[in-house]
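Trainee: I am new to this structure and would like a close look at a single part of it, the place where chain B and chain A meet. Could you take me through that interface carefully and then set it beside the other contacts in the model?

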Amino acid sequence: MSQYQWDWLVIFENVTDTDEFYYQWLISGLGWTLLIALSAWVIALILGTIIGTARTLPNKFVAGIATAYVELFRNIPLIVQLFMWFFVLPEMVPTNIGNWMKQDMPHPGIITSIIGLGLFTAARVAEQIRTGILALPRGQKNAGLALGLTLAQTYRHVLLPMAFRVVIPPLTSEFMSIFKNSAVAYSITATELFFQMKQITGDYKPANQIEVVTIVGLIYILVAFSANRIMTFIERRVQVPGYISGGK
Amino acid sequence: MSIIRFVNVNKWFKQLHVLKNVSLEIAQGEVVVVCGPSGSGKSTLIRTVNQLEPISDGEIWVIDQNVADHRTDINALRADVGFVFQHFNLYPHLSVLDNITLAPIKVRKQSREAAEQKAVQLLERVGLAHKKDAFPSQLSGGQQQRVAIARGLAMEPKIMLFDEPTSALDPEMIGEVLQVMKDLALSGITMMVVTHEMGFAREVAHRVVFLDHGEVLEQATPAEFFSAPKTDRAKQFLKQILSPMH
Amino acid sequence: MQKRLAFLVAAVSASFIGHAQANELTGTLKKIKDSGSITVGHRESSIPFSYLDDAQKPIGYAMDLCWKVVDAVKKELKLPNLAVKLNPVTSQTRIPLITNGTVDIECGSTTNSKERQKQVAFGVSTYVTSVRMLTKADSGVKTLDDLNGKAVVTTTGTTSDRYIKQNEKGHNIDVKNVYGKDHAESFLMVESGRAVAFVMDDVLLAGLIANSKSPKDFMIAGPALSVEPYGIMIRKDDPQFKKLVDDTLIGLMKSGEVEKIYNKWFTQPIPPKNINLNLPMSPQLKEAIKNPNDNGV
């Protein structure tokens with residue numbers, strides 16, 4: 001019964017009435033996807049490390065704030081968070097700032113996506129970092145403090161370097177996820193890869209949606225796989241000789 | 001002139017009274033062995049000296065500073081008090097050399113060259129100069145503990161604390177660690193050692209402190225303590241610890 | 001003579017087709033006859049063409065027309081109790097579902113385009129939409145030139161941004177294109193001041209205005225940037241079914257019944273909120289009803 005007319009070269013066709021090609025749209029979308037995901041990852045790593053560390057501190061107040069952050073940002077769906085940053089926040093701030101955010105901020109969708117995705121992923125990274133710190137033998141912290149290192153130096157030089165090594169595998173999956181999650185940015189006007197897919201498969205190239213969706217899916221797989229390879233490379237580079245992770 | 005002085009020290013873990021009114025003085029240059037049955041509070045006691053365990057009340061004076069006073073710069077104090085752990089606690093991601101130089105560089109602000117030069121000397125002293133580039137997980141337990149001792153000494157501490165330094169070691173490695181500790185004891189540094197190694201106590205300790213149920217029950221020279229313990233509990237303890245099974 | 005010949009050809013071909021239908025069904029009609037059921041594809045929120053009412057039943061202008069087609073199928077196949085299955089479709093799934101045989105007839109708001117004609121066929125056009133601008137009533141935007149330097153929103157997956165881009169050169173204007181993920185969000189962009197105008201099919205804009213908190217704050221402005229026919233979508237290369245669909249629709253057009261159905265959905269209050277779109281027939285639609293055709297754009 002199926003009479004679908006397959007055409008895998010559809011992305012190399014000219015966009016009707018323009019001098020553009022569909023593959024150029026996909027490349028441009030991929031560029032924004034990489035920019036959003038990588039920038040958000042930087043935010044997520046830095047902030048996530050701070051928050052995850054804060055959750056393990058003896059100071060109950062600081063740890064409480066960090067816990068609240070994690071619960072808040074981890075339990076609200078990403079698409080809702082982006083919507084709130086993009087549509088709700090400008091209405092909450094003074095009118096002139098709100099108007100600036102709405103009308104004059106450069107690339108508002110991209111910047112909001114980077115920040116929103118970064119804050120969301122930071123909560124997830126924080127949990128990994130916290131788990132990593134707690135997985136270290138208790139004596140490690142004492143071994144730093146007993147030599148006169150401050151608590152901050154103990155975290156910086158003793159606990160975090162090992163915690164990072166312990167959590168590289170779960171961090172790898174967060175890193176892969178951030179590319180997938182960046183697709184949500186399309187919902188707040190970012191013209192990234194998923195947006196371009198929706199755009200092309202909508203009214204622009206309505207006849208060969210299956211091929212375009214499949215090609216975009218393959219691009220996401222390729223990106224996630226590359227992310228995985230990069231993390232594996234880093235894991236090998238920082239591997240401690242003779243140390244079996246998960247051991248004592 | 002005592003370098004460590006416990007004054008009526010009490011500590012509770014919730015309902016559990018683990019240190020009961022402990023008063024104890026250790027003089028500069030003295031080597032003191034603290035012993036007692038497991039659960040007697042001896043590990044807790046030695047950890048209160050550099051505030052790895054905070055105390056509930058009382059005072060502990062270390063190098064003329066009250067460590068229980070929150071105005072005391074505890075980091076500076078800890079730098080002057082070396083601590084050797086039962087489980088070594090070397091930093092697994094750092095080489096032997098970096099394990100030793102980390103604190104001198106970060107806390108004492110020594111140059112890397114100076115710190116490394118000193119570290120190599122210390123490694124020679126504990127017989128491990130050839131392992132300076134190895135990582136902790138590539139060393140035996142005995143070697144790790146000797147590195148840990150070198151790490152403590154690198155800060156040029158006035159006091160060395162040992163918390164059951166040989167308990168986690170295989171029997172054939174205990175000797176090498178004890179030998180390093182004996183050499184150290186003879187160098188004149190103040191040492192407080194929690195251990196079951198009665199041979200070590202007999203050989204180099206100036207004094208033995210017997211602790212049970214959080215109380216200091218006896219203090220005596222090794223000769224007195226081993227030949228004529230005063231309390232029944234000390235007698236019981238010695239009988240168990242010196243039996244052929246151990 | 002010529003008239004006679006034409007009559008003769010018509011009579012012969014009519015009898016031939018009648019003969020063929022009576023004896024030898026092909027394509028969709030054969031599938032319907034064999035399976036004893038027809039599957040109608042419908043949209044869930046394409047107001048007022050094809051959307052779900054409070055009882056989750058698809059209703060709308062296109063649905064009413066489709067029911068007429070279904071009636072004609074029953075009559076043609078002499079199957080008064082033909083089972084009618086309903087299958088929801090989206091703008092992403094509607095073409096694959098038609099081509100793979102899941103859905104026999106799609107009743108929604110699908111533009112009849114040459115691009116789509118590579119995969120599917122359309123009945124004669126039943127609606128003609130124009131792409132126009134929605135702005136706030138007090139925005140002062142009346143022509144394309146008023147958009148210079150401003151953000152203009154269109155919905156992802158539509159071609160409306162293309163019309164803006166095409167007009168930019170002729171008008172010497174520079175427009176910031178932004179994209180809402182759906183029509184509701186595009187409307188929100190105008191409502192919240194993130195964009196000055198929303199460029200989209202007039203019928204969708206009218207629906208958004210009618211559904212908004214205060215319809216009088218918005219208006220549809222500017223010229224028609226593009227005109228597109230909507231059609232009922234069926235499988236291609238299926239002349240029997242295509243003829244039945246077209247004959248049914250053309251019959252409704254000639255009898256004036258289409259106009260009645262149109263008014264029911266476009267100029268009167270409709271469920272679920274009893275909102276009136278206030279969208280009388282455009283000249284382009286009147287023309288399409290007068291001269292039925294299935295030309296794509």
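**Where chain B meets chain A**

Mentor: Chain B and chain A bury an area of about 2,000 Å² between them, and carbon and sulfur atoms give 63% of that area. On the side of chain B, the residues that lose the most area to chain A are B:Tyr91, B:Pro92 and B:His93, which together account for 27% of what that side buries. This is a predicted model, and that should be kept in mind for everything that follows.

Counted by residues, the interface brings 25 residues of chain B into contact with 21 residues of chain A. The number of salt bridges between chain B and chain A is 0, while 6 residue pairs, both members at pLDDT 80 or more, are in polar contact between these two chains. If you wish to find this side of chain B by its secondary structure, look at α2 (74-79), β6 (81-84), α3 (96-106) and α5 (141-153) of chain B, the elements that give two or more residues to the side touching chain A. Sorted by class, the residues of that side of chain B comprise 13 nonpolar, 7 polar and 5 charged.

The contact between chain C and chain A makes a useful companion to this picture. Here 34 residues of chain C are in contact with 36 residues of chain A, and the area buried between chain C and chain A is about 3,300 Å², with 51% of it on carbon and sulfur atoms. Between chain C and chain A there are 3 salt bridges; one of them joins C:Arg94 to A:Asp203, whose closest N and O atoms are 4.0 Å apart. Polar contacts between chain C and chain A come to 15 residue pairs, again with both residues at pLDDT 80 or more. The elements of chain C that each supply at least two residues to the side touching chain A are α4 (94-99), α5 (114-117), α6 (160-171), β10 (176-180) and α7 (183-192), and the residues of that side of chain C divide into 6 nonpolar, 15 polar and 13 charged.

To place your interface among the chains as a whole, there are 2 pairs of chains that touch, and the pair with the most contacts is chains A and C. Chain B and chain C, by contrast, do not touch, and their nearest C-alpha atoms lie 48 Å apart.

Note on methods: Residues numbered from 1 in each chain as written. Chains lettered and ligands numbered in written order. Predicted model: local features only at pLDDT ≥ 70, side-chain atom pairs only at ≥ 80, totals over all residues. Heavy atoms only, no water. Contact = heavy atoms within 4.5 Å. Buried area = accessible area lost by both parts, 1.4 Å probe. Salt bridge = Lys/Arg side-chain N within 4 Å of Asp/Glu carboxyl O. Polar contact = N/O pair within 3.5 Å; in protein donor to acceptor, adjacent residues only side chain to side chain. Helix = DSSP H or I, 4+ residues; strand = E, 2+ residues; numbered from the N terminus. Nonpolar A, V, L, I, M, F, W, Y, C, P; charged D, E, K, R; others polar.
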